[in-house]
Amino acid sequence: MAAGVTLEKMRRRVRLSRTAVMTAIATGPIALWLAVTSTPTTVQAATSKAAPTRASASKEDPAGYAQVFVGAWLRSSANDTSTAHARLAQSMGPDVDLPEPVEGTQPRLESVTAVRSTQRSGNAWSVTVAAQYADGRLRNYAVPVVADHDDGSFTVAGAPGVVSGPVRADVPQSPYQLTVPDSDLMSAVGEFFSAYLAGAGEVDRYLAPGVTLSPLTPVPFRKAMVQQVQAIEAVAADGKIAAEGTVVHVLAQVEARDDGGRWPLAYELTLAVRSGRWEVTGLESGTVQEGGRS
């Protein structure tokens, strides 16, 4: 499609609702959010607050649209335009030629994921979509998309191009630099994760008053063992409990096991001392763990 294609032409040729796109995306990878509620204090288990690779979403961001298009386009063939994938690709990018894969020579497409979207100028966007294949191959496609700023509709404005993927970012130095020795704090962290991840006891008994944590249902693991705990604040190793009201922020490396294998996990915890024992006041996953040490 020529670069100067008008939005009026786009409206005439394709009209795929955002609702339909999001329904299609729902079959792809799902981000894990641990739902946590609290009254009056809130413990939140969420992903890291670090800046995402992809641009901030807005009603005009076509990342999901491009992701659906690339999935359909890669699964289609110019030799059979009657398939559902071919029809979908042509409806989303009516002037884009379909590929002509040689039957039996291509590895199976496992998934497609939008990894970056950039607004180039006006209503023109470029979305990078990563395609992962069954043989481990990863190929990145840059997809030109035109957005209608009035109603949020999109169209693919040209053929995808194979590009290099986003470069690997430098990981900042973790604030968790102090190793927590065997102590009451270490025991409290270990018992908490045994209850939370493996159902070994009630989670509530490890939480501060007024804090509630939604359980993982069903219990995902049969065993959870803390391998290492690192802290921001220094923690005494003499076996004595810290003073009342002491607060510590830790990063726990947890090994969880189920019938399917071993799973290394990491969680950020905030704990405080009350009545001579450590209690959990905050939980978060997806934190930066290591990086540029000085």
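The following points describe a predicted model of one protein chain, from its overall make-up to selected residues.

1. Overall make-up. The protein chain contains 5 helices and 10 strands. Of its 294 residues, 39% are buried. The accessible surface amounts to about 16,200 Å², and carbon and sulfur atoms contribute 52% of that area.

2. Contacts along the chain. Among the contacts in the protein chain with a separation of 6 or more, 60% join residues that are 24 or more positions apart. Two residues, Thr-128 and Leu-269, serve below as examples of local surroundings.

3. Thr-128. This residue belongs to strand S2, which covers residues 124-133. Its relative accessibility is 5%, and because buried means under 20%, Thr-128 counts as buried. Leaving out residues up to four places away in sequence, Thr-128 touches a run consisting of Thr-113, Ala-114, Val-115 and Arg-116, together with Asn-140, Tyr-141, Ala-142 and Val-163.

4. Leu-269. Strand S9, residues 261-274, holds Leu-269. With a relative accessibility of 0%, Leu-269 is likewise classed as buried. The C-alpha atom of Leu-269 is separated by 6.3 Å from that of Leu-251, although the two residues are 18 residues apart along the chain.

5. Neighbours of Leu-269. Apart from residues within four places in sequence, Leu-269 is in contact with Val-189, Phe-192 and Phe-193. Its other contacts are with Val-248, His-249, Val-250, Val-280, Gly-282 and Leu-283. One of these neighbours, Phe-192, also takes part in the aromatic arrangement described next.

6. Aromatic pairs. The model has 5 aromatic pairs. In one of them, the ring centres of Phe-192 and Tyr-196 lie 5.7 Å apart and the ring planes meet at 10 degrees, so this pair is stacked. The cut-off behind that label is an angle under 30 degrees between the planes.

7. Setting of the stacked pair. Phe-192 and Tyr-196 are both located in helix H5, residues 184-198. They are 4 residues apart, which is about one turn of the helix. Both residues are buried.

8. Aromatic cluster. Ring pairs connect Phe-192 and Tyr-196 with Phe-193 and Tyr-267, forming a cluster. Phe-192 and Phe-193, as noted above, are also contacts of Leu-269.

9. A charge over a ring. Which residue has its charged end over the ring of Tyr-133? That residue is Arg-137, whose charged end sits 5.6 Å from the centre of the Tyr-133 ring.

Definitions and conventions. Residues are numbered from 1 along each chain as its sequence is written. This is a predicted model: local features need pLDDT of at least 70, side-chain atom pairs count only at pLDDT 80 or more; totals for chains, interfaces and linings use all residues. Side-chain values use heavy atoms; hydrogens and water are left out. Buried means under 20% relative accessible area, exposed over 50%, partly exposed in between (1.4 Å probe, protein chains only). Contact means heavy atoms within 4.5 Å. Accessible areas come from the Shrake-Rupley method with a 1.4 Å probe; for residues, only the protein chains shown count as cover. Rings of Phe, Tyr and Trp (its six-membered ring) pair if their centres lie within 6.5 Å; planes under 30 degrees apart count as stacked, over 60 as edge-to-face and the rest as tilted. A charge sits over a ring if NZ of Lys or CZ of Arg is within 6 Å of the ring centre and within 35 degrees of the ring normal.
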